[in-house]
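Visitor: I am a first-year student, and I would like a close look at one part of this model and at the charged side chains in it. Could you take me through it slowly, with each term explained as it comes up?

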Amino acid sequence: MKKKISKIPFKNIPDKEEKLTETISKHKNTPGALMLILQEAQDIYGYLPEEVQKRIARELNIDLEEVYGVSTFYSQFSLVPKGEYNISVCMGTACYVKGASKILDKLTDKLGIGPEECTEDGKFSLTACRCIGACGLAPVMTINGEVYGRLKPSDIDVILEKYK
Amino acid sequence: MKMVNLKIDGVKVSVPENTTILQASIVAGIHIPTLCFLKDVNQIGACRICVVEVKGLKSLVASCVYPVSEGMEVYTNTQFIRDSRKITLELILSTHDKKCLSCIRNGNCELQKLCSDFGIDDENRFKGEKIRFIKDESAIHLVRDNNKCVLCRRCVAACKKQNVGVINVNERGFDTKVGCAFEKDLSDRSCVSCGQCIASCPTGALSEKDSCDEVMKAIYNENKYVIVNTAPSIRATLGECFGMPIGTNVKGKMVAALRRIGFDKVFDTDFGADLTIMEEAYEFLDRFQNNGKLPMITSCSPGWVKYCEYNYPDLIPNLSTCKSPQQMTGAIIKTWYAQKFNISVKDIVVVSVMPCTAKKFEITRENQAASGFPDTDISITTRELARLIKCANIDFELLQDEEFDSILGDSTGAGVIFGVTGGVMEAALRTLEEALEGKPIDRVDYTEVRGNKGVKEAVYNISGKNISVAVVNGLENVPEILDEIRSGESKYSFIEVMCCPGGCINGGGQPIHNSYTRQINDIIGKRMKAIYSEDKNLPLRKAHENQAIKMIYDEFLDNPGSEKAHEVLHTNYTKRNKF
């Protein structure tokens, strides 16, 4: 699926920046450093914004396009930040059959964002994920790890209220 | 060297080990078709057009990357292979826009040729979803139309080879596309406009921004005085667009064609090259004798200059402040020439024919308008000139030779060799040596700086002083020389850099040849030969012997490096941010 690119301005936090510095200097001279650094950078920032990719390119002395090519090739990388609350809707077979796409549609409708996007206030992000192994509860979603099962679209309003 | 014996389609060949099947097939006189392969640029076995059968192997192998081995038996033309190639082509076509008739590469497209060769009888055999791409027309010199892209990655490899690397293959699977990071326009990235990507594209996905209509509009406007000048290397390549052998010098026919098209004056950028040498040689002398910034680096290759501004801005003081021959020619036309012949500057349109797409960028640079109007108004490539000629009902091959118009059509061998790597250095040395010695010198040839090596170096003892020079052939070789300057270890006084490998004769605006032609011909070598043989046959071969130049210094510029010369012929550079 085509990678979405976040339009939300990048907010740098000195803490995270320092961690990235550590990561880069740790792996800089290992062969295949780019993959390792991108993975750890995503752990630090939750995604791989342009500013972070530029910094990695500069410090590894490689082209930005090389970094970007890798970051858009692998599905594990995201160019969109995770919200304060990340909502993951399971699109595995069981959930799908039980109407997961209706749950996703309702969330999209409520939040004004599609899958792999983040609301402008940074509060919510939405992910369409693979099977999370809770098929008995299908259709299921998680919000920052908290599981909500046997969902109906009408449940969504009430659940979201809790996080506002 | 260990030799390996194998049979290709029954033909016995013996080739060095580690040769690919594709290379060995050339020795056997067999032409295996390719699409993503481009000699010295891209060798990745991605497109599956060059597949062959190897006896004993279950599946087809990509001959461009598969090495030969002892006793190997290769088949290149079985039913299985043909079917496979045909299906590959049909699948490529399923996402291609197939608008051949309006394509800039119609008649010179590798995909089109393969479809013809393999008897594609239904270009819509596989129908399915298609991505509609918006053309990237942001850059001043090129257009990217991904609707025609076959994802061969030749442009990506060419850009990387130039040490520029502003395009890559992004996304994956069906969404795969070539472009810049974060969906940026090319104009927002540190592209140097060299056009090597265009020259490597097998289809019409990349092309120069065409200015033919703009040129004809000026010519058809009776109030405009349209003056054309052609770069040194155009005469050595233009004939290729009309089926003439690579390396044919078509100077006379080119001039005749330009007159037929309707230009009011046909001048030679070689004149501007001679003038550049006057200014550049004396600029060097001044720096050399008065403890100026050394090494001095040449500035006539706009791709190189832009690269320097992006990647080595700290070395901008090392760049010669001389404008390029294109801009010097334009500047003199719009100042001295306009005054002398009483032509209103605002009515003059200067058109330059260049081997180069970066020249389209150069004419828009700051401080390139000696008369108050841009030194050059329109810059077209060799390919665009060929289009103008074809459109003007001219049978190029039948044209009788004609001469350039006088004064600004006068040039010497020094100007001609600007078209090849090492040429600017050699031309400068011819003038430098006489200036330093203060007397005529017999030596004309400085062969140490000739040839197609990546870096050439030499030391010349002139008037008791050692002058150490280097010639950098293509951006690929820039870091090794420039990093030395940065670290203070450079031993050179004078460095020539040309952006494109081989120099202007292989510029991004030159005629495009298909992968096979590039594989079996030394294109750069043949074009180089045409340039050096013209130089050899000219009566005058040193820039300072050019009569027009003497006249212009007498009447207008005083001396090389004078205040007036600086006002008209010199410029400045700016640091550019890479991201």
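Guide: What follows starts with chain B as a whole and then turns to helix H14 and the charged residues linked with it. Please keep in mind that this is a predicted model, in which local features need pLDDT of at least 70 and side-chain atom pairs count only at pLDDT 80 or more, while totals for chains, interfaces and linings use all residues. Residues are numbered from 1 along each chain as its sequence is written, chains are lettered from A and ligands numbered from 1 in the order in which they are written, and side-chain values use heavy atoms, with hydrogens and water left out.

Chain B has 19 helices and 17 strands, where helices (H or I, at least four residues) and strands (E, at least two) are DSSP runs numbered from the N terminus. Its radius of gyration, taken over C-alpha atoms, is 25 Å, close to the 25 Å that the globule rule gives for 579 residues, so chain B is as compact as a globular protein of that length; the rule itself is 2.2 Å times the number of residues to the power 0.38. Along the principal axes, the C-alpha atoms of chain B fill a box of roughly 75 × 55 × 50 Å. Of the 579 residues in chain B, 60% are buried, a word that stands for under 20% relative accessible area, whereas exposed stands for over 50% and partly exposed for what lies in between (1.4 Å probe, protein chains only).

Now to the charged pairs. Side chains of opposite charge can pair when their charged atoms come close. A salt bridge is counted when a side-chain nitrogen of Lys or Arg is within 4 Å of a carboxyl oxygen of Asp or Glu, and a search of the whole structure finds 48 of them over all chains.

In one of these salt bridges, Glu433(B) pairs with Arg443(B), and the closest N and O atoms are 3.4 Å apart. Because Glu433(B) lies in helix H14 and Arg443(B) in the loop between H14 and S15, this pair ties together parts of chain B that are ten residues apart in sequence. Glu433(B) is buried, with a relative accessible area of 7%, whereas Arg443(B), at 30%, counts as partly exposed.

Another salt bridge joins Glu434(B) to Lys542(B), with 2.6 Å between the closest N and O atoms. Here Glu434(B) is in helix H14 and Lys542(B) is in the loop between helix H17 (523-537) and helix H18 (547-557), so the pair ties together parts of chain B that are 108 residues apart in sequence. Lys542(B) is buried at 3% relative accessible area, and Glu434(B) counts as buried at 13%. Beside these pairs there is a network, in which salt bridges that share partners join Glu426(B), Arg430(B), Asp445(B), Arg450(B), Asp535(B) and Arg541(B).

The loop that follows helix H14 (423-437) and leads to strand S15 (455-462) also holds Asp442(B), which counts as exposed at 77% relative accessibility. Its C-alpha atom is separated by 9.7 Å from that of Arg430(B), and the two residues are twelve residues apart along the chain.
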